[in-house]
Amino acid sequence: MTLEIAANEFGQIRIFEVDPELPADVITSDHTDLQRLFGTSNLDETYVDVIRIADLTTMQLSDYILQGYDVELESHDASMVNGIEGYAILIMSSAARGLPVRLQPASEVRHITSHVPEPTLTVSEPLTSEAARGVIGDVPAKPPKSDARIGGMVATVVLILLFALVGLMIWIAA
């Protein structure tokens, strides 16, 4: 079985059960041979949580995930997760460092479930204050031309015409 972690995936948690008969040098709470267990060395161990079920004492793994990751599993998934014995491995999407990663679990590793969060969209309330209204529709796009500006434009045209007339008179006289 092969599992893919897509590039730039966010928020997913993959939950695995490890065979309790696995040799102690492969998995402990301090060190886990991820290369051997998942066939890849491209995982950031910061985002891989190895849990020894016996260390949870009276807490169930689904409660640990709820309290530690703020993820509530569906009842079917929670019952499967709570049935894990030995070690559980949680792999967060962030473990892939934003790159695509292919997980090929060893025969001693069994994929239990993956939690895929549902996206939540919130629509904000429209702003009602006067400052939020803006000025786009209330003010003309161009300010009206002032009388001084119009007079300056007329004077410029008259000066250009006079310059052309004087130049024409000098050319005829020469």
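This passage describes the salt bridges, the largest pocket, a helix pair and selected loop residues of a predicted model.

A search of the whole structure identifies five salt bridges, among them a pair formed by R102 and E4, in which the closest N and O atoms are 2.8 Å apart. This pair joins distant parts of the chain, since R102 belongs to strand 5 (residues 101–103) and E4 to strand 1 (residues 3–5), with the two positions 98 residues apart in numbering. The acidic partner, E4, has a relative accessible area of 42% and is therefore classed as partly exposed.

A salt bridge is also found between the side chains of R36 and E108, with an N to O distance of 3.5 Å. Here too the link is between distant parts of the chain, 72 residues apart, with R36 placed in helix 1 (residues 34–38) and E108 in the loop between strand 5 and strand 6 (109–115). R36 counts as partly exposed at 37% relative accessibility, and E108 is likewise partly exposed, with a relative accessible area of 21%; because the class of buried residues is confined to values under 20%, E108 is not assigned to that class. A further salt bridge brings together the side chains of R52 and D55, for which the N to O distance is 3.0 Å. R52 is partly exposed, its relative accessible area being 37%, and D55 is also partly exposed, at 46% relative accessibility.

The largest pocket of the model holds about 160 Å³ of space. Its lining is made up of E72, L73, E74 and D77, together with S114, H115, V116, P117 and E118. When these lining residues are divided by class, four are charged, three are nonpolar and two are polar.

Helix 2 (residues 61–69) and helix 3 (residues 75–82) form a packed pair. Two packed helices are described by the angle between their axes and the distance between the axes. For helix 2 and helix 3, the angle is about 115° and the axes lie 7 Å apart. The contact involves L61, S62 and I65 on the side of helix 2, and A78, V81 and N82 on the side of helix 3. Four of the residues in this contact are nonpolar and two are polar, whereas no charged residue takes part.

The loop between helix 2 and helix 3 contains D70, a residue other than glycine whose phi is positive, near 55°. Most residues other than glycine have a negative phi. D70 is classed as exposed because its relative accessibility is 69%. A positive phi, of about 60°, is also found at R97, which is not a glycine either. R97 is located in the loop between strand 4 (87–92) and strand 5, and with a relative accessible area of 48% R97 is partly exposed; the exposed class requires a value over 50%, so R97 falls outside that class.

Finally, the loop between strand 1 and strand 2 (13–18) includes N8, which is exposed, with a relative accessible area of 63%. Although N8 and P100 are 92 residues apart along the chain, their C-alpha atoms are separated by 7.7 Å.

Note on methods
Residues numbered from 1 in each chain as written. Predicted model: local features only at pLDDT ≥ 70, side-chain atom pairs only at ≥ 80, totals over all residues. Heavy atoms only, no water. Salt bridge = Lys/Arg side-chain N within 4 Å of Asp/Glu carboxyl O. Helix = DSSP H or I, 4+ residues; strand = E, 2+ residues; numbered from the N terminus. Buried < 20%, exposed > 50% of the residue type's maximum accessible area, 1.4 Å probe, protein only. 1 Å grid on protein atoms, 1.4 Å probe; cavity = no way out; pocket = protein on both sides within 12 Å on 5 of 7 lines; lining within 4 Å. Points joined across faces, edges and corners; volume = space filled by probe spheres on them. Nonpolar A, V, L, I, M, F, W, Y, C, P; charged D, E, K, R; others polar. Axes fitted to C-alpha atoms, helices over the stretch in contact; angles between N-to-C directions. Contact = heavy atoms within 4.5 Å.
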